Amino acid sequence: MKLAPKDRIIFALDVPTTKEAVKYIDLLKDHVGVFKIGLELFVAEGPRVVEAVRERMGPKGIFLDMKFHDIPATVKGAMKSASKLGAKFVTVHCDEGRGLLKAVVEGNTGGTKVLGVTVLTSLSAEDMHDAGIDPKKYKTPADLVLKRSELAKAAGCAGVVCSGQEAAGVRKEFGEDFIIVTPGIRGPNDPVGDQKRVATPYEAITNGADYIVVGRPIRQATDPVKAASAIAAEIERAVKDRGTGVRRV
Ligand code: C5P
């Protein structure tokens, strides 16, 4: 996928108001390609925050991280509504299997790409087993990410969300056209926070990610523009190295 390095950065607008979101969009719009509206912001502000992003970035700059998770009829309706908002990406959880994923794909009436969230990057193997996943079948998050990617692809999703640590396996298994988006991005000096399966921008991209999601490492930087530019430079280096075979597939 040919994209400028900055266009591979999805900035997470994890703030509570449209006013704060707009502040970040105006600051970062020349330094990142996509703005991600997550639950905190959408629950507080609804479609008007989507409108605010569209005014500044167009529909290609909107990632609606709804992480749909409900019965098929409900998520299909929710996706129909989301399609009307005109986002580039919308997310659905993969953990309830094909029926739910298919319903979201069917509800997609616009040009939005549906992404399946495989295993949250905040989960470790221990957390996953604690939540009821059979350790004999799925020893590591990577095993479950592959299974859920298979379900997402079969249901017609355009790609998946996984950690940078699993991107190489997903790329190898599901091919070049399957979109891979990786949150849990941290530099060596960034606080990890609640994330467990982290990767640097360089690792995620050389492992085959198309896009990286970055929130706190940019938002909490003393100079967010400088932080975003440094990440874009790292992505550029990673894309070049990937072209020469550094990808760790
Ligand atoms: O601040 P940080 O860079 O950790 O933000 C990561 C963002 O990516 C958050 O908005 C979070 O909701 C989202 N995300 C994630 N793990 C997933 C899917 C989405 O961290 N598997």
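A residue counts as near the ligand if one of its heavy atoms lies within 4 Å of it. That is the yardstick for these close-ups of a predicted model.

**View 1. The residues around the ligand.** Here's the neighbourhood: 17 residues surround the ligand, and those that come nearest are Asp 14, Lys 36, Thr 121, Arg 186 and Arg 216. Sort the shell by class and you get 8 nonpolar, 6 charged and 3 polar residues.

**View 2. Polar atoms facing the ligand.** Start with Thr 121, where a polar side-chain atom lies 2.8 Å from a nitrogen atom of the ligand. Gln 195 also brings in its side chain, with an N or O atom 2.8 Å from an oxygen atom of the ligand. Gly 215 uses its backbone instead: an N or O atom there lies 2.8 Å from a ligand oxygen atom. As for cover, the ligand has 470 Å² of accessible area on its own, and the protein covers 88% of that.

**View 3. The pocket that holds the ligand.** The ligand sits in the largest pocket. Look for strand E3 (62-68), strand E8 (211-214) and helix H10 (216-219), the elements that each give two or more residues to the shell around the ligand.

**View 4. An aromatic pair, Phe 11 with Phe 35.** The structure holds 5 aromatic pairs, and this one is edge-to-face, with 6.2 Å centre to centre and 80° between the planes. Phe 11 belongs to strand E1 (residues 9-12) and Phe 35 to strand E2 (residues 34-37), so the pair ties together parts that are 24 residues apart in sequence.

Definitions and conventions:
Residues are numbered from 1 along each chain as its sequence is written. This is a predicted model: local features need pLDDT of at least 70, side-chain atom pairs count only at pLDDT 80 or more; totals for chains, interfaces and linings use all residues. Side-chain values use heavy atoms; hydrogens and water are left out. A polar contact is a pair of N or O atoms within 3.5 Å; within protein, one must be able to donate a hydrogen and the other to accept it, and residues adjacent in sequence count only if both atoms are side-chain atoms. Accessible areas come from the Shrake-Rupley method with a 1.4 Å probe; for residues, only the protein chains shown count as cover. On a 1 Å grid over the protein atoms alone, a cavity is a set of points where a 1.4 Å probe fits but cannot get out, and a pocket is an open set with protein on both sides within 12 Å along at least five of seven lines; lining residues have an atom within 4 Å of a point. A molecule sits in a cavity or pocket if more than half of its atoms lie within 2 Å of its grid points. Helices (H or I, at least four residues) and strands (E, at least two) are DSSP runs, numbered from the N terminus. Ala, Val, Leu, Ile, Met, Phe, Trp, Tyr, Cys and Pro count as nonpolar, Asp, Glu, Lys and Arg as charged, and the others, Gly among them, as polar. Rings of Phe, Tyr and Trp (its six-membered ring) pair if their centres lie within 6.5 Å; planes under 30 degrees apart count as stacked, over 60 as edge-to-face and the rest as tilted.
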